[in-house]
Amino acid sequence: MNIVEGLKWRYATKRFDSNKKLTKDQLEYLKDAVNYIPSSFGLQPYKVFVIENPEIRAKLQEAAWGQPQLTEASQIFLFANFTQYGPDKVEQFLKLGAEINNYPLENSAGYRDLLNGTISSLTPEQLSNWNAKQAYIALGALVSAAAEQQIDICPMEGFDKAKFDEILGLKEQGLTSVCIGAVGSRSPEDKNQFLKKVRKPKSELFETI
Ligand SMILES: Cc1cc2nc3c(=O)[nH]c(=O)nc-3n(C[C@H](O)[C@H](O)[C@H](O)COP(=O)(O)O)c2cc1C
């Protein structure tokens, strides 16, 4: 199934069949999609937790207004962005690039200045929001890859972020929760799968100028 066919097939799954688990290969495929999607400057200023633990998921469900996806899906991908991104993280990023493409770190002096200059021009709130936007792009990759593979998914942001941060100990790690992709297999009982897609006509959404 190509991506567009997959996007037409998928829907925001409300009820998952909790007996159907994704295979290891399916999970690795989804992780690859999330990892290979671009981010601004390539910084990937987020971390992705793949949550399986039933006790943690029961607590998260309470903090997500009881939404059943939290406990019924095969896995929960939780995207959390870094709340701070200082010169130390920039350095790690530059070292990784130099190592992978086999060039001396000294070549990165100009890029280092550009990155540190851009980041230091932002308030802490602007920086955290910028990082969160990057995490949403990664969620988009997860949705598209799942759709292409006919893996069911519900993208979600209907949860109490402060409570999620507390349950997962994110603040201590310099992270804050952004959004979720609950993945697995739809339950035959989920009525939403029979609804037609509601989308704007392309003539309204797009304008060629
Ligand atoms: C960022 C984002 C957050 C969402 N949050 C929730 C959520 O918390 N719970 C839920 O059931 N659906 C959630 N949805 C699903 C949307 O309501 C759904 O994608 C939209 O109504 C279009 O329907 P479709 O995905 O079935 O085509 C979210 C979708 C996105 C992209």
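Tutor: Let's settle one convention before we start: Ala, Val, Leu, Ile, Met, Phe, Trp, Tyr, Cys and Pro count as nonpolar, Asp, Glu, Lys and Arg as charged, and the others, Gly among them, as polar. Please also keep in mind that this is a predicted model.

Student: Thanks! How do the residues of the shell around the ligand divide into nonpolar, polar and charged?

Tutor: The ligand is surrounded by Tyr-11, Ala-12, Lys-14, Gln-67, Cys-154, Pro-155, Met-156, Glu-157, Gly-158, Cys-179 and Lys-197. Gly counts as polar under our convention, and Gly-158 belongs to this shell. The division comes to 6 nonpolar, 2 polar and 3 charged.

Student: Which element gives the largest share of the shell around the ligand?

Tutor: Cys-154, Pro-155 and Met-156 are among the residues surrounding the ligand, and strand S3 spans 152–156. S3 is mostly covered, with 4 of its 5 residues buried. With 3 residues, the largest share of the shell comes from S3.

Student: Let's step back to the whole protein. How many helices and strands does its secondary structure come to?

Tutor: From the N terminus on, the elements run α-α-β-α-α-β-α-α-α-β-α-β-α. Counting each kind gives 9 helices and 4 strands.

Student: In what order do the strands form the open sheet?

Tutor: Follow the pairings, which are antiparallel. S1 and S2 pair over 6 bridges, S2 and S4 over 8 bridges, and S3 and S4 over 5 bridges. Neighbouring strands are turned by 20° against each other on average, direction ignored. Linking the pairs gives the order S1-S2-S4-S3.

Student: Which strands stand at the edges, each with a single partner strand?

Tutor: The order of the open sheet is S1-S2-S4-S3, and an edge strand has one side left without a neighbour in the sheet. The strands at the edges are S1 (46–51) and S3.

Student: Which residue in S4 does Cys-154 stand opposite?

Tutor: S3 and S4 pair in the antiparallel sense, and Asp-152 of S3 has Gly-184 as its bridge partner in S4. From the other neighbour of S4, Ile-76 stands opposite Ala-182. Cys-154, a residue of the ligand shell, also stands opposite Ala-182.

Student: And on the S1 side, what is the bridge partner of Val-50 in S2?

Tutor: S1 and S2 are antiparallel over 6 bridges. Tyr-46 has Asn-81 as its bridge partner in S2. For Val-50, the partner in S2 is Phe-77.

Student: Why is S4 largely enclosed by the rest of the structure?

Tutor: S4 has a strand partner in S2 and another in S3. Helix H8 (residues 161–168) lies across S1 and S4, running at about 90° to S4. S4 counts as largely enclosed because its buried residues number 10 of 10.

Student: Which element supplies the largest share of the core?

Tutor: The largest nonpolar core has 43 residues, and Phe-79, Leu-142, Ala-146, Ala-182 and Val-183 touch the most other members. Elements supplying at least two residues each include helix H2 (24–36), strand S2 (75–82), helix H7 (124–148) and strand S4 (175–184). With 10 residues, the largest share comes from H7.

Student: Leaving aside neighbours within four places in sequence, which residues is Leu-142 in contact with?

Tutor: Leu-142 falls within the range of H7, 124–148, and is one of the core residues touching the most other members. Its contacts are Leu-30, Ala-33, Val-34, Phe-77, Ile-153 and Gly-181.

Student: One last residue: does Tyr-85 count as buried or exposed?

Tutor: Tyr-85 lies in the loop between S2 and H5. Not counting residues up to four places away in sequence, Tyr-85 touches Pro-45, Ile-119, Leu-127 and Asn-131. The cut-off for burial is 20 or more other C-beta atoms within 10 Å. Tyr-85 has 23 such neighbours, so it counts as buried.

Terms used: Residues are numbered from 1 along each chain as its sequence is written. This is a predicted model: local features need pLDDT of at least 70, side-chain atom pairs count only at pLDDT 80 or more; totals for chains, interfaces and linings use all residues. A nonpolar core is a set of buried Ala, Val, Leu, Ile, Met, Phe, Trp, Tyr and Cys residues joined through C-beta atoms within 7 Å. A residue is buried if 20 or more other C-beta atoms lie within 10 Å of its own, exposed if 12 or fewer, and partly exposed in between; C-beta atoms are placed from the backbone. Two residues are in contact if their C-beta atoms, placed from the backbone, lie within 7 Å. Two strands pair if DSSP finds at least two bridges between them. A residue is near a molecule or strand if its C-beta atom, placed from the backbone, lies within 6 Å of it. Axes are lines fitted to C-alpha atoms, for helices over the stretch in contact, and angles run from 0 to 180 degrees between N-to-C directions.
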